[in-house]
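Let's walk through this model together, one question at a time. Have the sequence and the 3D view ready, and we'll reason our way to each answer.

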Amino acid sequence: MAPILQIRDLKKTYDGGFQALKGVTLDIEEGEIIALLGPNGAGKTTLISTLCGITVPTSGTATVGGHDIQTDYRAARQMIGLVPQEIALEPFEKVINTVRLTRGLFGKPRNDAFLDEVLRKLSLYDKRLSPTKELSGGMKRRVLIAKALSHDPRVLFLDEPTAGVDVALRKDMWEVVAELKKSGVTIILTTHYIEEAEAIADRIAVINGGEILLVEETAKLMSRLGKKRLTIELREPIAQVPEALAAYDLELTADGRELVYTYETHADRTGITGLLSAVAAAGLALRDISTRQDSLEEIFVGLVEEGAA
């Protein structure tokens, strides 16, 4: 089965010569969640705006469900739902009317049974007759998602959906996204919250300077690029790393009480067994040992710095 979203060498150059997209190529499979990560100005918003028909590409092609975003833009746009970062709702309008209006803008006939089901999935049904000004920030973001789903799209773009939302509401939003995936919706998520991508995304795409640096399954990315740190806590502090341990490239903490050993998680041999034997042979007494793996945030920062070099 062909990917639901196919992007080929997509470029966008603005008046004045700024090149926001530099030949983006990406396939997105139906029913997956892909997180698009990148610093400010990386090209995330330009890419989404281009795919949603808000911005016209300079060159390249993209199709949604086989429909070209330029030559068959109406059919392509019908398949897309967009949840913007900014909350822009008519404050005095009822929730249900707000969602009905968006459905009508896509030329869809009135279908209150369908919209009621959307509101139920988003825990908004009890608020359907409430004016949006009475809703909490988290509820308002759910209304934005309901509007984006009102015409039954197959692809949903979420642009920073949890920006400015507290931790509890953020996790609640993750559950909403997981439920949408179960219903078969393909989700493209942009976020500055690295833990968000790590928690819910099937794949990670890193973009910087208008170029895709990497696309990989989240777990594989963590395994392939992540490093682990073994921290050896000593019973007594030392002034420097013994010469006998020089081959292990250890880092000694400022207080002299911990030795830190960094190793690749995917390596055939970590060297830990030899290191611990060498530490004992050097006459160092251990109090405790612990390990910690690089977070996706640390991996992401490394990729961006590498791409900018």
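Q: Is Tyr263 buried or exposed?
A: This is a predicted model, so the call rests on computed values. Residues count as buried under 20% relative accessible area. Tyr263 has a relative accessible area of 10%, so Tyr263 is buried.

Q: How are the rings of Tyr261 and Tyr263 arranged?
A: A pair of aromatic rings is described by the distance of the centres and the angle of the planes. For Tyr261 and Tyr263 the centres are 5.8 Å apart and the planes are at 25°. Planes under 30 degrees apart count as stacked. The pair of Tyr261 and Tyr263 is therefore stacked.

Q: The structure holds two aromatic pairs; which kind of pair do Tyr248 and Tyr261 form?
A: Their ring centres are 6.2 Å apart, with 80° between the planes. An angle over 60 degrees counts as edge-to-face. So the pair of Tyr248 and Tyr261 is edge-to-face.

Q: How many residues apart in sequence are the parts that the pair of Tyr248 and Tyr261 ties together?
A: Start with where each ring sits: Tyr248 lies in the loop between strand E11 (227-234) and strand E12 (251-252). Tyr261 belongs to strand E13 (residues 258-264). The pair thus ties together parts whose separation in sequence is 13 residues.

Q: Which of these classes fits Tyr248, buried or partly exposed?
A: Tyr261, at 9% relative accessibility, counts as buried. Tyr248 has 22% relative accessibility. The cut-off for buried is under 20%, so Tyr248 counts as partly exposed.

Q: Which residues form one aromatic cluster?
A: Tyr248 pairs edge-to-face with Tyr261, and the rings of Tyr261 and Tyr263 are stacked. Tyr261 takes part in both of these contacts. The cluster is made of Tyr248, Tyr261 and Tyr263.

Q: What is the phi of Asp249, and is this residue buried or exposed?
A: Asp249 lies in the loop between E11 and E12. Its phi is near 50°, a positive value in a residue other than glycine. With a relative accessible area of 67%, Asp249 is exposed.

Q: Where does Asp152 lie?
A: Asp152 also has a positive phi in a residue other than glycine, with a value near 60°. Its place is the loop between H5 and E7.

Q: Which residues have the most contacts inside the largest nonpolar core?
A: This core has 43 residues. Its largest share, six residues, comes from helix H5 (residues 137-149). Apart from it lies another core, of 26 residues, with Val24, Ala42, Ile48 and Ile80 among them. Inside the largest core, those with the most contacts are Ile145, Leu156, Leu158, Ile187 and Ile204.

Q: Which residues of strand E8 point the opposite way from Thr186, Ile188 and Thr190?
A: In a regular strand the side chains alternate between the two faces of the sheet. Strand E8 (residues 186-190) is mostly covered, with five of its five residues buried. On one side are Thr186, Ile188 and Thr190, and pointing the other way are Ile187 and Leu189.

Q: Which residues stand opposite Thr190 in E8?
A: Four bridges join strand E3 (residues 33-37) to E8, and these two run parallel. Strand E7 (residues 155-159) is joined to E8 by five bridges, also in parallel. In E3 and E7, the residues opposite Thr190 are Leu36 and Asp159.

Q: Which element gives the largest share of the lining of the largest cavity?
A: The structure holds one cavity of 30 Å³ or more, with about 60 Å³ of space. Its lining includes Leu5, Leu26, Leu36, Phe157 and Ile188. Strand E1 (5-13), strand E2 (19-28), E3 and helix H1 (44-51) each supply at least two lining residues. The largest share, three residues, comes from H1.

Q: How many of the eight residues of H1 are buried?
A: The buried residues are Lys44, Thr46, Leu47, Ile48, Ser49, Thr50 and Leu51. H1 is thus mostly covered, and the count of buried residues is seven.

Q: Which arginines lie over the face of Tyr125?
A: One lies at 4.1 Å from the ring centre and another at 3.8 Å. They are, in that order, Arg120 and Arg128.

Conventions:
Residues are numbered from 1 along each chain as its sequence is written. This is a predicted model: local features need pLDDT of at least 70, side-chain atom pairs count only at pLDDT 80 or more; totals for chains, interfaces and linings use all residues. Side-chain values use heavy atoms; hydrogens and water are left out. A nonpolar core is a set of buried Ala, Val, Leu, Ile, Met, Phe, Trp, Tyr and Cys residues joined through side-chain atoms within 4.5 Å. Buried means under 20% relative accessible area, exposed over 50%, partly exposed in between (1.4 Å probe, protein chains only). Two strands pair if DSSP finds at least two bridges between them. Rings of Phe, Tyr and Trp (its six-membered ring) pair if their centres lie within 6.5 Å; planes under 30 degrees apart count as stacked, over 60 as edge-to-face and the rest as tilted. A charge sits over a ring if NZ of Lys or CZ of Arg is within 6 Å of the ring centre and within 35 degrees of the ring normal. On a 1 Å grid over the protein atoms alone, a cavity is a set of points where a 1.4 Å probe fits but cannot get out, and a pocket is an open set with protein on both sides within 12 Å along at least five of seven lines; lining residues have an atom within 4 Å of a point. Grid points are joined across faces, edges and corners, and a volume is the space filled by probe spheres set on the points.
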